[in-house]
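User: I'd like to learn how to read a two-chain model feature by feature. Could you walk me through one, giving the general idea before each case?

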Amino acid sequence: MPNIFHIVVCASIVPDPLQTLEPISGPTGPALKNELMLPMVLDPWAACALYEAANLAAANPGSKLWLVSLAPKAKLQQVMMSVAQKVAFELVPVDGPLGGFTDAQSTAAALAEAVKSIAGLDLAKTLIFGGWESANRGAGVTLQVLGELLGTTEQFQGVDEITVNADGSFQVLERIEGGRHQVSTCAGAPAVLGWATGKLPEPRNNPQIGMANMRSIMPALQKAKAVKLEDGPKYLSVALPKQQRETRIVRDTPAEQIARELVDWITAE
Amino acid sequence: MEKILLLAHLDESGSALPRAAREALAAALELSSALAAPLTVGLIGENVEAAANSMVGCGAKILATTGAELSQPRYATDSAAIEAICRKAEPTLVLAPATSRFARVMGGAAQLLGGHIDTHITALAAADGAPRATRWFYRQRVEAVLTRTARPWFLLLDPGTRAQWDGPVCTASVENVTVTLPPTRTQVTCIRAPKQDEQTIRPDAKLLFVAGAGWTKKQADGQVHVADAEQLILGFLKGSGASLGSSKSLVDQTGEGQTALPFMSHLNQVGQTGATPRHPKGLSTCCHGEEPHVVGWRFIGERRAVNLDANCGWARGKADVLYVADAFQVVKAVNELLATRGKP
């Protein structure tokens, strides 16, 4: 009997990593200057989760893949124009605030409602995927709380690999200290997997997949439910690091002389 | 009045505390003193006797949940153990080290206990009788100080941000907390690690060596020299005992099947989508890029760089010393010197 998984990938959108970020104080707390104008991308580790999920769904016929994303729907639509060309999925958008200063637990609560609202989702077959940490808040908390809210206590974080066995059980590799992996076996879904980089490269753009995805994405975005997140912590200060080092520049110096200086420095206590 | 609970688990030896836990204990003691709040320690593991004895000197009450099932990190069992200790201690503030074991469970445990959580805390302080925490956002690019009034407030403290506590070993009085572990469908089978001589990630190393994509680019003779780069980098790691970090572009080459360094993986990646390790010293070679790329060595103490561009944003204003030179030649000469002087 084939393994059928219902895979729900939770992924936010974040500023393109190459953008300059400047924190400001907004009416609801800290924010980024011109945040809504910044080019956005799918959160990098969550994007890895999406590609791994698509691979898993393809390897297990009958499986389904949803992408649940909480963001302002106009920005989400922009990001979907490129993400939709990568892999086939059904978007479950949640129209909500953007940014790293929102509260992880409130975000998880909104995501849990969205997951529960997915028509045809069988929680017993569900694998909740996402990035183990986002590139904005980076708390590593959202998926854990989401799992608790869904009653799923088989959870794995920093996942780099999943191998599904014929009986539906699977082996998971989680990152631990020292560049090592903890290897676990789980009897099967449901489970929560917070992905690190995984093993798969970013898929090439496929316009046909993009067109097929966008047929369902646009109506979904129009119907996206608006949510208001509860207040998070009280921010006392938010600032860019001021540290600027006085760099001594050494030019036109033989490699051997540089090497001696470096070795003296490396070996000094 | 605040009541502080420090949670800790045993390390892989099964008897000692990880360094991160001793660092968190130091932070907990400081906060306890600043807030005049009593401190309780909660230990999790199969047999916590030796670990408890090693922290008697801190003067805190010690609780423990023990059992064979708690010898291994696993979400369901760890969250149950944390819940049991917290219900016994009834803390308002819960501090814990951000080890991989606690990082994967503490958010869920906070939710289970109706608490709130903040992670990656790099500093703790007290002002006006209330705690405040410092952490980074947007992958170490924005720093914030925050506080909460809701309790219990869980704070996961990043390792390497403070000195560890140490004290005399005496016989401890430990109060056992009974926990009913839930049925779990997960079994931890093993730890998978590179062979000892192939391990390039060394969290305790004094030096981080960051290799950038320049190592696999065409050199002055118009050719790429990946084999030479591999030999030089591995030779340096062997001679210096350094930990190896890499830029994203270099590890991506490995994943995309381009000519790349075979020992490099995404686990080595530092920066916005990688790690931000903490080491006393860092040496970057052939790394280029502006501020967003530089976060990989945000938490490195002394920094030096070798590259061919004197104006490179990776180094200028970010490194203490920038050597404008060919990294192939410099590292070759460094390796020869290290071979004659011996490993530091």
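Analyst: Happy to; we will go from overall content to the sheet, the interface, the domains and a helix pair. Keep in mind that this is a predicted model.

User: Let's begin with chain A as a whole. How many helices and strands are there in chain A?

Analyst: An inventory is a good start. Chain A has six helices and 15 strands. Its C-alpha atoms fill a box of roughly 65 × 50 × 40 Å along the principal axes. Of the 269 residues in chain A, 49% are buried. Contact range is another useful reading: taking contacts in chain A between residues at least 6 apart in sequence, 77% join residues at least 24 apart.

User: Now the sheet. What is the strand order in the open sheet of ten strands?

Analyst: The general idea first: strands of a sheet pair through backbone hydrogen bonds, either parallel or antiparallel. Here the order is β13(A)-β7(A)-β6(A)-β1(A)-β8(A)-β12(A)-β9(A)-β10(A)-β11(A)-β10(B), and the pairing is mixed. Notice that the last name in that order belongs to chain B.

User: Which strands stand at the edges?

Analyst: They are β13 (225–226) of chain A and β10 (186–192) of chain B. Each has a single partner strand, so one side of each is left without a neighbour in the sheet.

User: And inside the sheet, how should I read β1(A)? Are its residues buried or exposed?

Analyst: Check the burial of each residue, then each face. In β1(A), five of the five residues are buried, so this strand is largely enclosed by the rest of the structure. Both faces are covered: His6(A), Val8(A) and Cys10(A) are buried on one side, and Ile7(A) and Val9(A) are buried on the other.

User: In which sense does β1(A) pair with β6(A)?

Analyst: The pairing of β1(A) with β6(A) is parallel, over five bridges, and Ile7(A) has Leu65(A) as its bridge partner there. With β8(A), β1(A) also forms a parallel pairing over five bridges; in that case Val8(A) stands opposite Ile128(A). One step along the order, β8 (residues 126–131) pairs with β12 (residues 191–195), both of chain A, in the parallel sense over five bridges. Gly130(A) is opposite Gly194(A) in β12(A).

User: Which helix lies across β1, β6 and β7 of chain A?

Analyst: For a helix on a sheet, look at which strands it crosses and at what angle. Helix α3 (residues 104–116) of chain A lies across β1 (6–10), β6 (64–71) and β7 (90–95), running at about 140° to β6(A).

User: Let's move to the interface. How many residues of chain A are in contact with chain B?

Analyst: The size of an interface is often given as the accessible area lost when the parts come together. Here we can count residues instead: 69 residues of chain A contact 73 residues of chain B. The largest share of the chain A side, ten residues, comes from α6(A). By class, the chain A side divides into 34 nonpolar, 23 polar and twelve charged residues.

User: Where else do the chains pair through strands?

Analyst: Look at β15(A), which pairs with β15 (residues 321–324) of chain B in the parallel sense over three bridges. In that pairing, Ile249(A) has Leu322(B) as its bridge partner.

User: How is chain B divided into domains?

Analyst: Ask where the bounds fall, then what joins the parts. Chain B has domain 1 (4–176) and domain 2 (196–341), with 34 Å between their centres, taken over C-alpha atoms. Their contact takes four residues from domain 1 and five residues from domain 2. The domain 1 side has no nonpolar, two polar and two charged residues.

User: Finally, a helix pair. At what angle do the axes of α6 and α9 of chain B cross?

Analyst: Read distance, angle and handedness together. The axes of α6 (residues 226–240) and α9 (residues 327–341) of chain B come within 9 Å and cross at roughly 35°. The crossing is left-handed. Among the contacting residues are Leu232(B) and Phe236(B) in α6(B), and Val331(B) and Leu338(B) in α9(B). By class, this contact has seven nonpolar, four polar and two charged residues.

Technical notes. Residues are numbered from 1 along each chain as its sequence is written. Chains are lettered from A and ligands numbered from 1 in the order in which they are written. This is a predicted model: local features need pLDDT of at least 70, side-chain atom pairs count only at pLDDT 80 or more; totals for chains, interfaces and linings use all residues. Two strands pair if DSSP finds at least two bridges between them. Helices (H or I, at least four residues) and strands (E, at least two) are DSSP runs, numbered from the N terminus. Two residues are in contact if their C-beta atoms, placed from the backbone, lie within 7 Å. Axes are lines fitted to C-alpha atoms, for helices over the stretch in contact, and angles run from 0 to 180 degrees between N-to-C directions. Ala, Val, Leu, Ile, Met, Phe, Trp, Tyr, Cys and Pro count as nonpolar, Asp, Glu, Lys and Arg as charged, and the others, Gly among them, as polar. Domain bounds come from an automatic or database domain assignment. A residue is buried if 20 or more other C-beta atoms lie within 10 Å of its own, exposed if 12 or fewer, and partly exposed in between; C-beta atoms are placed from the backbone. A crossing is left-handed if the near helix is turned anticlockwise from the far one by less than a right angle, and right-handed if clockwise.
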